[in-house]
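Pull up the model and keep the sequence open beside it. We'll go from the overall picture down to a few residues worth clicking on.

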Amino acid sequence: MKRIFYLAAMLLCVLLPASAQGLRHSVCVVEPEYSDADKLLMGDYALYTARAGMRSASRALTAYKSEGTFGSGVVVEQGGKKYVLTNLHVIGYAGKATLTFQLHEKTLRYEHCEVTNIGEADLAAIALPSECEMIALPLYAGEIEEDLSIAAAGFPELANKPSWQLTRGSISNARVDVDSHERASRIIQHTASIDPGSSGGPLLLKNAEGKYEILGINTWKAFYREGVGLAIGKEDVQAFIATLGASKTDASNEMEPLRALSGEDWLYVFRQLPDSVQKDIRDMDWHLPLDPALRTLAVRDSLVTNKGKGAKKFERSATHIVTDMDHINYVRLVYDNYLGMNQQVGLQVGHDWLGYIATGVQITALIEEAMTEDEIFATKLGYKPIQVGKYMLVPRITQSAEAGPMKTGNIYGGFALLTDTRIGLDWRIPFNSVDLVLGLHYAMDWQWTKNDLKIPAFKPKSNNEAFNQYLQHGLGITLGLAW
């Protein structure tokens, strides 16, 4: 039985065309290489593009940032150099890629290969090392007609890994009219099976000598229909190959305008746009998943340069401002209930510096249990917020030192020192030009006054010849505006 199986296997190998086995020397797995910083950036934008209703772009960004994303590619030659041709959406924003050829007898892996060119028709080229002896495939020179027998080669996913696949079919539509893919001059529809991971692999036809030639690059699949694969035609492939070696283009450069912004910053800018513009950006046919984010900044810049209505919303110095602690200016009403000992209301007006140090003025009125006339006034300096987390619900820790004149009872002209620690949560609700800030916090205050001043509303902690010391703590709420 073993001998029969062995002979059958040998016979199968003999019957298989040599060119079919040789395709493994021309078709490879393409894995984009991203820096940790780029992964963090795309992960951040994935969260906030989803919140803006761009879920397809968000899913694509999540895939780019994760480990193990891959597609397929085919070897071509131009100017005496060999390149791997693939889809731009396979490479995304990576500047380098790992290319793996899974041969029958061994696996060849080339790491850190440079992405040299990108094209408008969802094409990208990766340079192969000079020592690589993989076989370049030529382009088909004949007419593309319906019912031609074709094959699709690539490495779609199987058990979470790229797996070699060679399928056969025919051309069912030689030129598809699809408006959403207008960057390609010809799109070929065919019946050869392709799956996720096949993107970037070649659509092939055998010539009279039994050798494979490239008709196009498999790029899309219609999941809502049976047996509909779509490939970028040879005309776009030929025009793109002609540019190789002449100049270099880099998709990663497109990320530069976004590196200075967080995803949350971008979402703040996006929500300032008119509703109709937001809808257009959500519905746009994006080439890469950060295209909607880049389009948002382009619209913002056009409004900034426009002297007409709407320009004030997009001052360049304010486009990075989104969180409460990042805002340049703020006005807050604060209410504190010190666990039944007393109540306090205050008005804060301040200015933030880089989101870490804020200076300003706070005027507070101290109210005893019966809400008597006793009052305290203080000037707040050195207010220092620390941001913990980066969400619409923003945890907030603040530490401040206060000093100022005070009035209590029948005594005027007194002076008080106060330290204030607050831990709480701020909920930000964005509007066109300002954010509404609602906060809940726990406050703990230490206060020192001259020994001849008595404040009945405060609970004394200690007394000495120079100062009276008091402690009060409790819960409070904040209502404010930030811009």
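What follows is a walk from the whole chain to some individual positions.

Keep in mind that you're looking at a predicted model. The protein has 10 helices and 24 strands, and 48% of its 483 residues count as buried. If you take the contacts with a separation of 6 or more, 63% of them are between residues 24 or more positions apart. On the outside, about 24,100 Å² is exposed, with 59% of that supplied by carbon and sulfur atoms.

Now for the inside. The largest nonpolar core holds 50 residues, and the members that touch the most others are V30, Y45, V84, F101, I126 and W266. There's also a second, separate core of 32 residues, with L23, V27, A184 and L244 among them.

W266 is a good one to click on. You'll find W266 in helix 8, which covers residues 263-272. Is W266 buried or exposed? With a relative accessible area of 0%, W266 falls under the 20% cut-off, so W266 counts as buried. Setting aside neighbours within four places in sequence, W266 is in contact with Y45, Y48, T49, A52 and M54, and also with P292, A293, T296 and L297. Take Y48 from that list: Y48 and W266 are 218 residues apart in sequence, yet their C-alpha atoms are 8.0 Å apart in space.

Next, hop over to S72, in strand 2 (residues 71-78). S72 is buried because its relative accessibility is 0%. What does its side chain reach? The S72 side chain comes to 2.8 Å from the backbone nitrogen of F155. Leaving out neighbours within four places in sequence, the contacts of S72 include C28, V30, L85 and T86, along with G154 and F155. The stretch G197, S198, S199, G200 and G201 is in contact with S72 too. You've met V30 already, as one of the residues that touch the most other members of the largest nonpolar core.

Strand 2 also turns up in the surroundings of helix 6 (residues 234-241), where it is part of what covers the buried residues of that helix. Which residues of helix 6 are buried? They are K234, D236, V237, F240 and I241. These buried residues sit on the same side of helix 6, because they cover an arc of only 160° around the axis. The general rule behind such a pattern is that an α-helix has 3.6 residues a turn, so residues three or four places apart point the same way. Besides strand 2, the cover over the buried residues of helix 6 includes strand 3 (81-86), strand 5 (107-119), strand 6 (123-127), strand 13 (212-221) and strand 14 (229-233).

Let's finish with strand 13 from that list. Strand 13 is mostly covered, with nine of its 10 residues buried. Strand 12 (residues 202-206) runs antiparallel to strand 13, and five bridges join the two. One pairing to look for is K206 with its bridge partner Y212 in strand 13. Strands 12 and 13 form a hairpin with five residues between them, and in the turn G210 has a positive phi of about 80°. Strand 13 is also joined by five bridges to strand 14, again antiparallel. Here, look for N218, which stands opposite A231 in strand 14.

Terms used
Residues are numbered from 1 along each chain as its sequence is written. This is a predicted model: local features need pLDDT of at least 70, side-chain atom pairs count only at pLDDT 80 or more; totals for chains, interfaces and linings use all residues. Side-chain values use heavy atoms; hydrogens and water are left out. Helices (H or I, at least four residues) and strands (E, at least two) are DSSP runs, numbered from the N terminus. Buried means under 20% relative accessible area, exposed over 50%, partly exposed in between (1.4 Å probe, protein chains only). A polar contact is a pair of N or O atoms within 3.5 Å; within protein, one must be able to donate a hydrogen and the other to accept it, and residues adjacent in sequence count only if both atoms are side-chain atoms. Contact means heavy atoms within 4.5 Å. The arc is that of the directions from the helix axis to the C-beta atoms. Two strands pair if DSSP finds at least two bridges between them. A nonpolar core is a set of buried Ala, Val, Leu, Ile, Met, Phe, Trp, Tyr and Cys residues joined through side-chain atoms within 4.5 Å. Accessible areas come from the Shrake-Rupley method with a 1.4 Å probe; for residues, only the protein chains shown count as cover.
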